[in-house]
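Q: Please go through the core and the strand pairing here, and give the reasoning behind each label.

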Amino acid sequence: MSFWQHHGTSTQNDAAMSFTELRDTMNIIGGGHVTKGGSMTAPSIVAGYTTKADTSSQTSRTIDTPTHVSGDYIFIAVTNDDNSGTINTPSGSTPIYDNILIKTGGGSTVANGSLYYKVAGGSEPSTYTITLSSSERVGAVAFAVTGVGDIDYTASTLQADDSTAEVPSVTTSVDDCLRISVVWCDGTTQTTPHGAVTNHTKLGEAWYTSSGAVSVHYKTVASAGSDGGSESSTLAASFRWASGSIALSPESTTYDPTIASFATDAPTVGSPTL
C-alpha cells in the first residue's frame with residue numbers, strides 16, 4: 001500500500017487536496033514545511049555572542065567566533081578609538097556601516113565605528129581577525145542571528161556629543177523583522193555601561209579604558225512600516241557617539257513539492273487546491 005492510500009489522501013484521479021491536507025501530508029513525510037499566509041517567525045539572536053576590548057594599542061587582534069550554525073548571519077560591530085586610522089573589513093565579510101565618523105561637538109573626528117556581516121558557511125574559523133590602518137584600541141561585539149531572509153533596511157546614522165545616544169528609526173517592508181541597533185562611542189572617558197536602547201533588549205557591549213566602546217541592542221518589529229523615533233541609550237557619561245539601525249527580514253518558509261520528496265510508490269499528484 002502506498003503512503004497516499006494508507007493515509008486516505010488521494011489517487012491520481014482524486015489528487016486535489018485542501019491546504020490543511022497538503023500541509024499535514026508534507027510535514028508527515030518530512031520533506032518540507034508549507035505555510036499559507038499569516039505571520040512568519042522573526043529572526044532571532046543566537047545565544048553565545050563574543051566580545052573583544054583592547055587593553056593596549058595594536059593593529060591586529062582576534063575575536064572569538066560567536067555560536068552559530070551554517071546559514072546564520074554573523075555580525076561584528078567595532079569601534080576604533082582613533083581620530084585618523086580606519087577599520088579594515090574582516091576577511092569574507094561585507095560592511096553595512098563602514099568607518100562611521102564619531103565627532104566632538106566642534107566637529108573634530110575622534111573615533112570611528114563599523115558593522116560587518118557574513119553568512120556563515122559550513123566551517124567557520126574559530127576566530128575572526130580585526131585589523132586597523134594604524135595602531136589603536138578597539139571594542140568589538142560579534143553575534144549571530146538565525147532565520148534571516150535578508151537585510152531589509154539600513155538607516156542613516158546619527159551622531160552627537162552628549163549623554164543620550166539616539167538611534168535612527170527603520171522602515172520595514174515586511175512583517176516580523178528583527179531590528180538591530182548599534183551605539184559606537186569614543187572611549188577617552190568611560191561612557192559605559194550603555195543603557196538599553198528604548199524598547200530594545202541590550203545584547204552586550206565591549207570597552208576598556210581609553211578604547212573604543214560599542215553596544216548592540218535588538219527588538220522584534222511585528223508589522224511592516226516605520227519603527228522608532230526618540231529611542232535612545234543613556235550613556236554613563238556625556239561624550240561623543242554615533243549610532244545605526246538595521247532591520248532583518250524573516251526567512252521564507254515555502255515548499256517545492258517535487259516528486260523526489262515523496263514516497264517511491266506515490267502516484268502522480270495534481271495541483272493542490274489551496
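A: Start with pairing: two strands pair if DSSP finds at least two bridges between them. This is a predicted model. In it, Phe75 stands opposite Phe143 in E8.

Q: What makes E4 and E8 a pair?
A: The cut-off is at least two bridges. E4 and E8 have eight, in the antiparallel sense. Therefore they count as paired.

Q: How do you know that E1 and E8 pair?
A: Strand E1, residues 44–45, shares two bridges with E8. The definition asks for at least two, so this is a pair. The sense is antiparallel. Ser44 stands opposite Thr146.

Q: What links strand E2 to E8?
A: Four antiparallel bridges join E8 to E2, residues 50–53. Lys52 has Ala140 as its bridge partner.

Q: Why is E8 called largely enclosed by the rest of the structure?
A: Buried means under 20% relative accessible area. Eight of the nine residues of E8 are buried, so the label follows.

Q: Which residues have the most contacts inside the largest nonpolar core?
A: Phe75, Leu115, Phe143, Ile180 and Trp184, in a core of 31 residues. Strands that give two or more residues include E4, E8 and E16. E12 gives the most, with five.

Q: What does Phe75 touch, leaving out residues up to four places away in sequence?
A: Contact means heavy atoms within 4.5 Å. Among the residues touched are Ile96, Leu115, Phe143 and Leu248.

Q: Which residues does the second, separate core include?
A: Ile74, Ala120, Val138 and Ala142 are included in that core of 15 residues.

Key: Residues numbered from 1 in each chain as written. Predicted model: local features only at pLDDT ≥ 70, side-chain atom pairs only at ≥ 80, totals over all residues. Heavy atoms only, no water. Core = buried A, V, L, I, M, F, W, Y, C linked by side-chain atoms within 4.5 Å. Buried < 20%, exposed > 50% of the residue type's maximum accessible area, 1.4 Å probe, protein only.
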